[in-house]
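Here are my notes on the model you sent over. I've kept them as numbered points so you can check each one in your viewer.

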Amino acid sequence: MKPARASAAMDRSFRRMLLPASLAVAAFAIAPLLGMLALSLTDYHLIRGWSGEIGLQNFLRLFEDRRFIGSIYVMAALSAFGVAAQVVLGTAIAVGLDKIVKKWRIARGIFVIPFAVPHVAVALIWLSLFTPTLSPINAFMALFGIEVPALLTTQTGAIAAIVIADTWA
């Protein structure tokens with residue numbers, strides 16, 4: 001009989017230990033999410049306040065906004081090309097490493113580097129690589145007379161730059 005009591009007491013103590021974390025999640029994640037959802041259903045303006053209308057007009061207006069449609073296109077392109085590049089490149093690397101890892105053990109360490117470098121440093125490195133006046137890639141290509149397009153100056157180029165950087169990271 002004692003093991004059942006001990007188990008029940010242990011369950012209660014585990015639940016009590018989860019209480020602070022559950023309260024933190026409720027306070028800092030769930031409550032703001034519900035607040036944003038409620039606010040999205042109103043016509044609240046920061047300066048003018050709230051006129052009292054509640055409904056889905058904000059969401060219906062989204063489909064008339066060209067910026068929203070453009071952002072959906074950009075996110076779809078980033079998702080499609082980014083995931084495709086990561087799956088293809090990841091599979092190729094995994095298959096390649098499976099064949100050579102017995103001979104070249106340092107390969108495992110090389111492919112862990114993107115996880116160890118802070119994201120801010122990675123962002124600055126990619127920014128310098130994509131900036132035409134700073135890029136060592138552009139300087140190297142200029143030696144051979146090849147002009148590399150400035151990826152960050154057009155929408156298509158920026159999407160390509162983000163896919164390349166996101167695939168590396």
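1. Let me start with a detail: which backbone atom does the side chain of Ser 135 reach? It is the backbone nitrogen of Ile 137, at 3.1 Å. Bear in mind throughout that this is a predicted model.

2. Staying with Ser 135 for a moment: this residue sits in the loop between H6 and H7. Its relative accessibility is 3%, so Ser 135 counts as buried. Leaving aside residues up to four places away in sequence, Ser 135 touches Ser 128 and Leu 129.

3. On to helix H6, which runs over residues 119–130. Its twelve residues reach 16 Å from the first C-alpha to the last, close to the 16 Å you'd expect at 1.5 Å a residue. Buried in H6 are Val 122, Trp 126, Leu 129 and Phe 130. Why do they share a side of H6? Because they cover an arc of only 90 degrees around the axis. Flip to the other side of H6 and you'll find Val 120 and Leu 124 exposed.

4. What do the buried residues of H6 pack against? Two helices: H7 (136–143) and H8 (155–168). If you want a single residue to click on, try Val 122, which touches Val 117 and Trp 168, again not counting residues up to four places away in sequence.

5. Now the largest nonpolar core. Six residues make it up: Val 122, Trp 126, Leu 129, Phe 130, Ala 161 and Ala 165. H6 and H8 each supply at least two residues of this core, and the largest share, four residues, comes from H6.

6. Helix H8 passes the same kind of length check. With 14 residues at 1.5 Å a residue, H8 should span 20 Å, and the end C-alpha atoms are indeed 20 Å apart, which agrees. The buried residues of H8 are Gly 157, Ile 159, Ala 161, Val 163, Ala 165 and Thr 167. These buried residues pack against H6 and also against helix H3 (66–100).

7. That brings us to H3, where Ser 71 has its place. Ser 71 counts as partly exposed because its relative accessibility is 35%. Its side chain reaches a backbone atom too: the backbone oxygen of Phe 68, at 2.7 Å.

8. If you're setting up electrostatics, how many salt bridges does the structure hold? Just one. Side chains of opposite charge can pair when their charged atoms come close. Here the partners are Asp 65 and Arg 67, with the closest N and O atoms 3.4 Å apart. Are the two partners buried or exposed? Asp 65 has 25% relative accessibility, so Asp 65 counts as partly exposed, while Arg 67, at 68%, counts as exposed.

9. A last one for your distance list: Gly 96, also placed in helix H3. Its relative accessibility is 30%, so Gly 96 counts as partly exposed. How far apart in space are Gly 96 and Asp 11? From C-alpha to C-alpha they are 48 Å apart, with their positions 85 residues apart in sequence numbering.

Terms used
Residues numbered from 1 in each chain as written. Predicted model: local features only at pLDDT ≥ 70, side-chain atom pairs only at ≥ 80, totals over all residues. Heavy atoms only, no water. Expected span 1.5 Å × (residues − 1). Buried < 20%, exposed > 50% of the residue type's maximum accessible area, 1.4 Å probe, protein only. Arc of directions from axis to C-beta. Contact = heavy atoms within 4.5 Å. Core = buried A, V, L, I, M, F, W, Y, C linked by side-chain atoms within 4.5 Å. Salt bridge = Lys/Arg side-chain N within 4 Å of Asp/Glu carboxyl O. Polar contact = N/O pair within 3.5 Å; in protein donor to acceptor, adjacent residues only side chain to side chain.
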